[in-house]
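This report looks at the sheet of one protein model and at some backbone details in its loops. Please read the text alongside the structure shown here.

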Amino acid sequence: MSKKTVLVTGGAGYIGSHTIIELLNHGGYEVISADNFFTSSPKSYDQVEMITGKKFKHYKLDLCDILEFDKIFSDHDIAGVIHFAAFKAVGESVELPLKYYHNNIASLVNVLELCRKHKTSNVIFSSSCSVYGNIEKLPVDENTPLPKAESPYAYTKQIGEVMLQDFCKRYLDFSAISLRYFNPVGAHDSGKIGEWPNNKPNNLVPLITGTAIGKYPQLTVFGGDYPTRDGTNVRDYIHVSDIADAHVKALNFLFTGKNKTNYDVYNLGSGNGVSVLEAIAAFEKISGKKLNYKIGDRRAGDVVSVYSDSTKAESVLGWKCKHDIKSMMKTAWEWELYREKEKF
Ligand code: WQD
């Protein structure tokens, strides 16, 4: 039987590239990627092909350009879409809200329009734990009522989930899953691909490894006076390869038709809350490097503490977290060292 073709939008990105590796190595799918390289590099594709030994088609494309985007659906029989493409920096979204609303919402509208037009009936949507905002009762599970989002980025994810819910209510022959990632960190076990931002990253772990290797003079911990065990924000860090594995399992689940509803939502977290200072300490232990950091002002849009109850993904999708914080820091550091050696 011929392989199903899966379109990965944002496939040159951090989670997208790691998911393509899993789709090629363990999913048995043909893969097509579409990416505009605004926040990623086509060099990621070379690394994916080196790691998997497999080639795949990819297109440079802005998903907000529906005429160009339509050509991909016309040229390929796409059985499913994994939609990663979006801007994702919480702090930046507070500074540039329209950039986030336009890009993140319009691109999802186009994905759904084209799926409808070309009878592609399965979509996995890259959502985020940021939809939970500042939640009192932790850990959060999927039934937690969603509060007002703390940032425009988080709001684009809440809106995206509602769009999918409405679309699935209207078109019963269409199925979708929203995966709410907690904090994706770390790098592929091969050490040959990881988080590869085009310019200075906004998020913690690549800033830790970049500071440790000397790219940045000092890390600022955004706030040391939060109501947490050590005064710094708590997050549920999860290895990027565990996130990637969940996408393959979610897509397989939809293709088997075992889903009892045509829209559902799953948390993807480790279930462990780790503070910023604890993340730094874990890195220092793994790398043997003392990190140069200072405690600075709070960052707008940050939630105080969030971590997951991901038992639903475990019981329904058969997914389980395999990496702990040590492995996350070890692989992130190995990737940073590889980038320095390869002058990436
Ligand atoms: C983590 C903690 C910062 C940088 C991320 C993604 C978002 C979404 C959710 C997937 C916070 C602190 C950071 C620094 C710091 N993921 N920090 N100094 O904001 O939780 O959101 O996960 O959808 O796309 O961005 O992650 O890594 O930016 O911050 O102290 O220089 O680290 O304040 O407490 P965040 P982050």
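Where is the place of proline 139? In this predicted model, proline 139 sits in the loop between β5 (122-128) and α6 (152-170), and the peptide bond that leads to proline 139 from leucine 138 is cis, with omega near 0 degrees. Most peptide bonds are trans, and most residues other than glycine have a negative phi.

Two lysines have a positive phi although neither is a glycine, and the table sets out their values.

| Residue | Phi | Place | Relative accessibility |
|---|---|---|---|
| Lysine 119 | about 55 degrees | loop between α5 (97-118) and β5 | 71%, exposed |
| Lysine 343 | about 55 degrees | segment after α11 (325-342) | 73%, exposed |

Lysine 119 counts as exposed because its relative accessibility of 71% is over the 50% cut-off, and lysine 343, with a relative accessible area of 73%, is exposed as well.

The strand β5 that borders two of these loops belongs to an open sheet of 7 strands, which pair in parallel in the order β3-β2-β1-β4-β5-β6-β11. At the edges stand β3 (57-60) and β11 (263-268), each of which pairs on one side only. On average, and with direction ignored, neighbouring strands of this sheet are turned by 15 degrees against each other.

Within the sheet, β5 runs parallel to β6 (residues 175-181) and is joined to that strand by 7 bridges; isoleucine 124 stands opposite isoleucine 177 in β6. The helix α6 packs on the sheet, where it touches β5, β6 and β11, and the direction of α6 makes about 155 degrees with that of β5.

Technical notes
Residues are numbered from 1 along each chain as its sequence is written. This is a predicted model: local features need pLDDT of at least 70, side-chain atom pairs count only at pLDDT 80 or more; totals for chains, interfaces and linings use all residues. Side-chain values use heavy atoms; hydrogens and water are left out. Helices (H or I, at least four residues) and strands (E, at least two) are DSSP runs, numbered from the N terminus. Buried means under 20% relative accessible area, exposed over 50%, partly exposed in between (1.4 Å probe, protein chains only). Two strands pair if DSSP finds at least two bridges between them. Axes are lines fitted to C-alpha atoms, for helices over the stretch in contact, and angles run from 0 to 180 degrees between N-to-C directions. Contact means heavy atoms within 4.5 Å.
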